[in-house]
Amino acid sequence: MRLGVLDVGSNTVHLLVVDAHPGACPLPAHSHKAELRLAQLLDDDGAIGPHGVDRLVSVIKEALQAAEDKGVEEVLPFATSAVREARNADAVLDRVRAETGVELQVLTGSEEARLTFLAARRWFGWSAGKLLVLDIGGGSLEVAYGIDEEPDAAASLPLGAGRLTAGWLPGDPPDPEDVRALRRHVRTEIARTVGEFSRLGTPDHVVATSKTFKQLARIAGAARSAEGLYVQRELKRESLEGWVPRLTAMTGQERAELPGVSEGRAGQLLAGALVAEAAMDLFGVERVEICPWALREGVILRRLDHMESE
């Protein structure tokens, strides 16, 4: 069957269309994206403002039309931290439902981490052993660890690249003092969770997902996306540590000129790099392998699992 996953994230609304059936690898058929930056459209009270809600409804309608055009049988709609943490989340969800017919499932941070872990486990297989999975989104950082398809530990921290950029790095280029303050904040937050994972032992394989990690790996020399899903890509902590001061000195426009960095995400790249560097350092990770699958694929795989058991 042809499934569509509608991901209302902190940065983008992304419809991923795949051809899938239980027991088979989901094959991407179409991708429809719109940059919305919900995490940056919150007002002083933490609510998504009228313009943001209008835009969200419009973008979801566009995605539904794209799904219809591509012959999608079922759309799996979900939202992550930007909607989850908005003060007016219920009102936003009610309006989306009333005007589009879409019932957005708001995932908890733990659910995000667990579904992303499932995707990574299916991608790398059982031979990868104990997996540690890191995922940097626009609104949050997810960490998960385990040897099975369900992680033994999962955590979600409010350390997304978009959130941190909006709240901590107003300058372009950023003030070095602001960067240092953000670095301290990120490391303090991550350090609080390290013990929960360390007690489970050393992972056999460390995996990173998300656009942020993919872009950091690309500027550090990883293969281009055009070379395909099955090319191994990695990011070494040593390389990342060398890039952080360079990114600090750059404007957003200068970062956008780096290989693999989109203009829409260039402004967030430094905050994402600080989170990635801190996570790798505090978890004692020298290198991560980039996983092509992440949360959207996890949602698809969970749905296929449920179909198989029905």
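**Entry 1: the cysteines**

I started with cysteine 291, which is buried at 1% relative accessibility. For my own reference, buried means under 20% relative accessible area, exposed means over 50%, and partly exposed lies in between (1.4 Å probe, protein chains only). I am working with a predicted model, where local features need pLDDT of at least 70, side-chain atom pairs count only at pLDDT 80 or more, and totals for chains, interfaces and linings use all residues. Residues are numbered from 1 along each chain as its sequence is written, and side-chain values use heavy atoms, with hydrogens and water left out.

Next I looked up cysteine 25, and at 41% relative accessibility it counts as partly exposed. How many disulfides does the structure hold? I found zero; a disulfide here is a pair of cysteine sulfur atoms within 2.5 Å. Why is cysteine 25 not bonded to cysteine 291? Their sulfurs are 11 Å apart, which is too far for a bond, and cysteine 291 has the closest cysteine sulfur to that of cysteine 25.

**Entry 2: helix H3**

I moved on to H3, which runs over residues 89–100. Helices (H or I, at least four residues) and strands (E, at least two) are DSSP runs, numbered from the N terminus. I checked the length of H3: its twelve residues, at 1.5 Å a residue, should span 16 Å, and the end C-alpha atoms are indeed 16 Å apart. The expected span is 1.5 Å times one less than the number of residues.

Which residues of H3 are buried? I noted Ala89, Val92, Leu93, Val96 and Thr100. They sit on the same side of H3, because they cover an arc of only 95 degrees around the axis (the arc is that of the directions from the helix axis to the C-beta atoms). A handy reminder: an α-helix has 3.6 residues a turn, so residues three or four places apart point the same way.

Asp90 and Ala98 are exposed on the other side of H3. The buried residues are covered by parts including helix H1 (50–69), helix H2 (81–84) and strand E5 (105–106), where contact means heavy atoms within 4.5 Å. After H3 comes glycine 101, with a positive phi near 80 degrees.

**Entry 3: salt bridges**

Side chains of opposite charge can pair when their charged atoms come close. I found 20 salt bridges in the structure; each is a side-chain nitrogen of Lys or Arg within 4 Å of a carboxyl oxygen of Asp or Glu. I wrote down a few of them.

- Arginine 122 pairs with aspartate 305, with the closest N and O atoms 2.7 Å apart. Arginine 122 is in helix H4 (residues 109–124) and aspartate 305 in helix H12 (residues 295–309), so the pair ties together parts 183 residues apart in sequence. I looked up both accessibilities: arginine 122 is partly exposed at 29%, and aspartate 305 is partly exposed at 24%.
- Arginine 192 meets glutamate 189 at 2.7 Å, N to O. Both lie in helix H6 (residues 176–198), three residues apart, about one turn of the helix. Arginine 192 is exposed at 61%, whereas glutamate 189 is buried at 16%.
- Arginine 237 pairs with glutamate 286, the closest N and O atoms being 3.4 Å apart. Here arginine 237 lies in helix H8 (residues 237–249), while glutamate 286 is in the loop between helix H11 (269–282) and strand E11 (287–290), 49 residues apart. Buried or exposed? Arginine 237 is buried at 14%, and glutamate 286 is exposed at 51%.

Last note: I also found a network of salt bridges that links Asp54, Arg95 and Glu99.
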